[in-house]
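The exercises below ask you to read a protein model step by step. Try each task yourself before you turn to its solution.

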Amino acid sequence: MRNSDSFLSGVTMTRRDLLGAFAVAAMASAIPFGALAQAAAPASGTAQAIADHFSGVTTMQGEFVQFGPRGEQTGGKFFIQRPGKLRFNYDEPSPMRVIADGKNVAIGNTKLKTWDLYPLSKTPLSLLLAQHIDLSAGMVKGVKEESDLTTIALGNNTVFGNSTITMMFDPKTYDLRQWTITDNQGKDTSVMIFNVKTGVQFDDRVFRVPYESIPGTPQSRD
């Protein structure tokens, strides 16, 4: 298992084909985190209502386009089940898979048959996948409300270092449109989602992490 403090930067350095592994919004349309931080203020009732709505979506699936810190672009399908579960299947030729099972996040390369494992609680994804997103809990880095977009930036320096997750919602439907993860080096990885379906039933195998294939885990020694 890798050092969780270098989670995002380690992914970028050791798995170039992953193109950043997580995040949101086309880089050209993403709102810089610095601008949000400067305007940081207590979350409004509207922002909390959006967070409550998103927290109430227990399952969702759809397609995504991901933009890496160097402008790399790839796509695929995603699956989310609250709390704590996520899967990214990247389109070919990318061999990457990202699976969160509620406890850990596993990043795999199906071509090399390798997996890296990180505690979910030590990554900003835990905020995206939380049972309830509480904007009064001191993790709000900034809220920006516009006529066509509501942007909420979250982070917890005691857990994630300088990493943050910025989520962007449609202010009319309250639907999540995109999210961006900024790593400890200030590099952004962005993900735009579309063709989203909610209320989907998933087989448990969708979020199964292959611990038996990950060296150092108890299952790998069974």
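**Exercise 1.** Which residue lies over the face of Phe54, and at what distance from the ring centre?

*Solution.* Keep in mind throughout that this is a predicted model. Looking at the ring of Phe54, we find that Arg82 lies over its face, at 4.5 Å from the ring centre. The next step is to ask about the surroundings of Phe54, and here the relative accessibility is 3%, so Phe54 counts as buried, the cut-off being under 20%.

**Exercise 2.** Find the buried residues of helix 3 and decide where on the helix they lie.

*Solution.* Begin by listing the buried residues of helix 3 (residues 45-55), which are Ala47, Gln48, Ile50, Ala51, Phe54 and Ser55. Then look down the axis of helix 3: these buried residues fall within an arc of 155°, so they line one face of the helix. Finally, ask what covers them; the covering elements include strand 1 (59-67), helix 4 (125-128) and strand 8 (150-155). One residue of strand 8 is Thr150, which is buried, with a relative accessible area of 1%, and whose contacts beyond its neighbours within four places in sequence include Ile50 and Phe169.

**Exercise 3.** Describe the order of the strands in the sheet and name its edges.

*Solution.* Following the pairing from strand to strand, we see that 11 strands form an open sheet in the order 6-5-4-3-2-1-11-10-9-8-7, with antiparallel pairing. The edge strands are strand 6 (114-119) and strand 7, each of which pairs on one side only. On average, neighbouring strands of this sheet are turned by 20° against each other, direction ignored. As a detail, strand 1 and strand 2 (residues 73-81) are joined in the antiparallel sense over nine bridges, and Phe64 stands opposite Gly76 in strand 2.

**Exercise 4.** Classify the ring pair of Phe54 and Phe169, and then the ring pair of Phe64 and Phe88.

*Solution.* The structure holds seven aromatic pairs. For Phe54 and Phe169, the ring centres are 5.6 Å apart and the planes stand at 70°, so the pair is edge-to-face. This pair links distant parts of the chain, with Phe54 in helix 3 and Phe169 in strand 9, 115 residues apart. For Phe64 and Phe88, the ring centres are 4.5 Å apart and the planes are at 20°, so the pair is stacked. Here Phe64 belongs to strand 1 and Phe88 to strand 3 (residues 85-90), 24 residues apart. As a last step, note that ring pairs link Phe64, Phe88, Tyr90 and Trp179 into a cluster.

Definitions and conventions
Residues numbered from 1 in each chain as written. Predicted model: local features only at pLDDT ≥ 70, side-chain atom pairs only at ≥ 80, totals over all residues. Heavy atoms only, no water. Buried < 20%, exposed > 50% of the residue type's maximum accessible area, 1.4 Å probe, protein only. Helix = DSSP H or I, 4+ residues; strand = E, 2+ residues; numbered from the N terminus. Arc of directions from axis to C-beta. Contact = heavy atoms within 4.5 Å. Pairing = 2+ DSSP bridges. Axes fitted to C-alpha atoms, helices over the stretch in contact; angles between N-to-C directions. Phe/Tyr/Trp six-rings, centres within 6.5 Å; stacked < 30°, edge-to-face > 60°. Lys NZ or Arg CZ within 6 Å of the ring centre and 35° of its normal.
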